[in-house]
Amino acid sequence: MVLGVAGLSVGLALGGVVLLVALGWTLQRTVDEEAFRTADAVARLAAEDALPDPLPVAGGQLRVQVVDSAGRIRAASIDADRLVPMVRPDQLAGEGRRRTVVPGQRLGWQGPVRVVAVPAQAAGEPVTVLVGRSTVDVRHATQAARTVLLVAFPLLVGLLAVVAWRVVGATLRPVEALRSGAAEITGRDAADRLPVPASQDEIHRLAVTLNDMLDRLSAARARQRSFLADAAHELRSPLTNMRTELEVAQRLGDRSDWPAVAADLLVDTERLGRLVDDLLLLARLDEQPARPPGPPREAEPVELGGLLAEVAARRPGPRAAGTAVSGPGSPASPVVAGSPVVSGSPASPVVTVAVAGSAWTVGVPDELRRVLGNLVDNAVRHARERIVLAVEPAVDGAYHLVTVTDDGPGIPAADRERVFRRFTRLDEGRARDAGGAGLGLAIVRELVRRGGGTVELADAGPGLVVRLRLPLLPEPD
């Protein structure tokens, strides 16, 4: 308000100065024009040698003299001096139409007098027509305008300040309501929201936006609480198993089979380590800012056939040959051109890699390895006899399509989106899943999305197929 009133005062002051200057200039111009009109009329009479005595003038504000080159007054108006010219002799010298200002005391007037001089001819002799007009009325009009402005402008500024104070106060009242409402929000009640004003203006939209932000924060807080509760539950299970085994072994004493106890503890420890690694990975992914569309900076060309073979080779058990054509692999990969990679054990399903030629993508190798490893581990836990890993160019030509197919019970269509949530396991998965915490598919979706690809589940009839679309990279020369 102080800045606004100060700016308004400065603006009105400048406007008042401009108005006074314009008013004074306009009035002075009017005085000059009236004096010149009278001087021109008298000059015509002098040229016709028809100067009356006294000279006729309109009103009592004008005085007229006709002065010859010697400074003598040839004719004058009734109230003009007939002996002394209105201007000094040196001011009479000159050519053309002139104007000057002389003191009013010399002519018996108050204030300055505006005198104009117009050259003329009288009986063949050069003469000068002098017309004087008082500028007292101009000064009075200017002073009156200045007085009005000095009185009216402060009143106008005060009135506008009061109106602006009321208007701004009414406008900011919803903002104060938002501030007080925000001060009362503690975060304990999920229903805490800011008051929304009824007016459909910027404040209303601000309140709606802030409430939407509070909804998102509440949802994020709920997800965080659920995540912490699920993580605590999943961490408690292996710890409880380890503590129970140790307590039982302690009670049995020498009768305890310590190698078996150590083996069981090692299994629980590995499960606990995998869970902690998954939690740390998800925490790092949540803290990282969202990547722009496209591959990340640390991405590099990756040959999918070799990567699939490497992931399959990590499965324990014997490998067998087949008929599918496989792409080139990494040095650690057992892929041989013209044969697939088959991995498995007598108690686990057979993993087959089928790649038609070489397929290059762009991505972070460790992330892609983690994605495929999670998908293969998930398929192994649910497959009955066979798992097939395949890669082929997608129809649109912009992505490679990587599929992981198993012949397990599959996932109902209604649950295929829900399984990508964290700590989500279906009832059948909870019964058969040994060591799974429901984080594998969540990590897969997050890593694939950050790499510029997509992942979806579909029915393999029978079984389940996971379809990965990874950015295509042209095969290097």
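**Briefing: a buried arginine, a helix pair and two nonpolar cores**

Beyond its neighbours up to four places away in sequence, Arg-63 touches Ser-77, Asp-79, Ala-80, Met-86, Leu-107, Trp-109, Leu-130, Val-131 and Gly-132. The model is predicted. The points below cover Arg-63, the pairing of helices H1 and H3, the nonpolar cores, and Leu-272.

**Arg-63**

- Strand E1, which spans residues 62–68, contains Arg-63.
- Arg-63 counts as buried because its relative accessibility is 14%, and the limit for buried is under 20%.
- One of its contacts, Val-131, is also a member of a nonpolar core of 18 residues.

**Helices H1 and H3**

- Helix H1 covers residues 2–47 and helix H3 covers residues 136–184; their axes come within 10 Å and cross at roughly 160 degrees.
- H1 is therefore roughly antiparallel to H3, since angles over 145 degrees are classed that way.
- The H1–H3 crossing is right-handed.
- The residues in this contact comprise 17 nonpolar, five polar and one charged.
- On the H1 side, the contact is made by Val-5, Leu-8, Ser-9, Leu-12, Gly-16, Leu-19, Leu-20, Leu-23, Gly-24, Leu-27, Gln-28 and Val-31.
- On the H3 side, the partners are Val-138, Ala-141, Thr-142, Ala-145, Arg-146, Leu-149, Phe-153, Leu-156, Val-157, Leu-160 and Ala-161.

**Nonpolar cores**

- In soluble globular proteins, nonpolar side chains tend to be buried together.
- The largest nonpolar core here holds 45 residues, and those touching the most other members are Leu-308, Leu-375, Ile-387, Leu-389, Val-402 and Leu-468.
- Helix H7 (residues 365–382) supplies the largest share of this core, with seven residues.
- Leu-308 is in contact with Val-353, Val-355, Leu-372, Leu-389, Ala-390, Val-391 and Val-402, leaving aside neighbours within four places in sequence.
- Two of these partners, Leu-389 and Val-402, are themselves listed among the core residues that touch the most other members.
- A second core, separate from the largest, has 18 residues, including Phe-36, Val-64, Val-66 and Val-131.

**Leu-272**

- Leu-272 is part of helix H5, which runs over residues 258–287.
- With a relative accessibility of 18%, Leu-272 counts as buried.
- Outside the residues up to four places away in sequence, Leu-272 touches Leu-235, Pro-238 and Leu-239.
- Of these, Pro-238 is 34 residues from Leu-272 along the chain, with a C-alpha separation of 6.4 Å.

Conventions: Residues numbered from 1 in each chain as written. Predicted model: local features only at pLDDT ≥ 70, side-chain atom pairs only at ≥ 80, totals over all residues. Heavy atoms only, no water. Helix = DSSP H or I, 4+ residues; strand = E, 2+ residues; numbered from the N terminus. Buried < 20%, exposed > 50% of the residue type's maximum accessible area, 1.4 Å probe, protein only. Contact = heavy atoms within 4.5 Å. Axes fitted to C-alpha atoms, helices over the stretch in contact; angles between N-to-C directions. Parallel < 35°, antiparallel > 145°, perpendicular 65-115°, else oblique. Left-handed = near helix turned anticlockwise from the far one by under 90°. Nonpolar A, V, L, I, M, F, W, Y, C, P; charged D, E, K, R; others polar. Core = buried A, V, L, I, M, F, W, Y, C linked by side-chain atoms within 4.5 Å.
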